[in-house]
Amino acid sequence: EWTIGTGNRVMTQLIESGAPFDGVVALSDQLAIGALFALDKAGLKVPEDVQVIGFDNFYESAYTMPPLSTVDSNLDWIAASAVDLLARRMHETGTPAPAMRFKRESRIILRGTTR
C-alpha cells in the first residue's frame, strides 16, 4: 500500500528501531508525506535532522510543511505518450510497427525537505 498511512507506519517502525539514518528516499510522495508526519511526531526536524524526498510530484507535495522535495515522474507525458501509442496500434494494418523505446529525463524538484 503506497499510502500516507503506510509511510507513517513504516517510518515510525524505523525510528523506534533505533537504526541511525539521516535521509529518506520514498517511492512515492504519499509515502514521503506519511514519513514527514512520523518524523514530526518523533521530534525530528526536516531537513536539519533528516532529509526526505518523494517520487511523483504529487500536486499536494508543494503544500506540506515543509514543502516536499520530489522527483517529477512526468506522468502527464507518460499518459499522453501511452494514449498516442495505443491509438497508433489500433489503427495499424498489416505488419505491426517495430517496438519503440522512449527515454525521458525526470526533474528533481528541490523544496523544503532537502538541503
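This report describes the fold, the nonpolar core and selected local features of a predicted protein model.

**Overall architecture**

The secondary structure of the protein comprises three helices and four strands. In sequence order these elements give the pattern α-β-α-β-β-α-β. The protein is more spread out than a compact globule, because its radius of gyration is 19 Å, well over the 13 Å that the globule rule gives for 115 residues. The C-alpha trace spans about 65 × 25 × 20 Å along its principal axes.

Of the 115 residues, 30% count as buried. The protein exposes about 8000 Å², and carbon and sulfur atoms supply 59% of that area. With regard to charge, there are 11 positive and 14 negative charges, and the mean positions of these two sets are 5 Å apart. Contacts between residues at least 6 apart in sequence were also examined: 71% of them join residues at least 24 apart.

**The nonpolar core**

In soluble globular proteins, nonpolar side chains tend to be buried together. In this model, the largest nonpolar core has 14 residues. Met11, Leu39, Val52 and Leu68 are the residues with the most contacts inside this core. Helix H2, which covers residues 29-41, provides the largest share of the core, namely seven residues.

The surroundings of leucine 68 can be described in more detail. Leaving aside neighbours within four places in sequence, leucine 68 is in contact with Asp29, Ala32, Ile33, Leu36, Val52, Ile53, Gly54, Ser61, Arg111 and Thr113. One of these partners, Val52, is itself listed with leucine 68 among the residues with the most contacts inside the core.

**Backbone features in the loops**

Two cis peptide bonds that precede proline may be noted. A cis bond joins valine 46 and proline 47, with omega of about 10°. Proline 47 lies in the loop between H2 and strand S2, the latter covering residues 51-56. The peptide bond from methionine 65 to proline 66 is also cis, with omega near -5°. Proline 66 lies in the loop between S2 and S3.

Positive phi values occur at aspartate 56, with phi of about 140°, and at asparagine 57, with phi of about 60°; neither residue is a glycine. Aspartate 56 belongs to strand S2, whereas asparagine 57 is found in the loop between S2 and S3.

**The surroundings of aspartate 72**

Aspartate 72 lies in strand S3, which covers residues 69-72. Not counting residues up to four places away in sequence, aspartate 72 touches Asp56, Asn57, Ser106, Arg107 and Ile109. Both residues with positive phi described above, Asp56 and Asn57, are therefore among its contact partners, contact being defined as heavy atoms within 4.5 Å.

Isoleucine 109 lies in strand S4, which covers residues 108-109. Apart from neighbours within four places in sequence, isoleucine 109 is in contact with Asn57, Ser69, Thr70 and Asp72. Asn57 thus appears in the contact lists of both aspartate 72 and isoleucine 109. Isoleucine 109 and glycine 54 are 55 residues apart in sequence, and their C-alpha atoms are 9.7 Å apart in space.

The table sets out the accessibility of residues in this region.

| Residue | Location | Relative accessibility | Class |
|---|---|---|---|
| Aspartate 56 | strand S2 | 32% | partly exposed |
| Asparagine 57 | loop between S2 and S3 | 22% | partly exposed |
| Aspartate 72 | strand S3 | 14% | buried |
| Isoleucine 109 | strand S4 | 13% | buried |

Because buried means under 20% relative accessible area, aspartate 72 at 14% counts as buried, and so does isoleucine 109 at 13%. Asparagine 57, at 22%, counts as partly exposed, and aspartate 56, at 32%, is likewise partly exposed.

Conventions:
Residues are numbered from 1 along each chain as its sequence is written. This is a predicted model: local features need pLDDT of at least 70, side-chain atom pairs count only at pLDDT 80 or more; totals for chains, interfaces and linings use all residues. Side-chain values use heavy atoms; hydrogens and water are left out. Helices (H or I, at least four residues) and strands (E, at least two) are DSSP runs, numbered from the N terminus. Buried means under 20% relative accessible area, exposed over 50%, partly exposed in between (1.4 Å probe, protein chains only). The radius of gyration is taken over C-alpha atoms; the globule rule is 2.2 Å times the number of residues to the power 0.38. Accessible areas come from the Shrake-Rupley method with a 1.4 Å probe; for residues, only the protein chains shown count as cover. Lys and Arg count as positive and Asp and Glu as negative; His and the chain ends are not counted. The place of a charge is taken as NZ of Lys, CZ of Arg, CG of Asp or CD of Glu. A nonpolar core is a set of buried Ala, Val, Leu, Ile, Met, Phe, Trp, Tyr and Cys residues joined through side-chain atoms within 4.5 Å.
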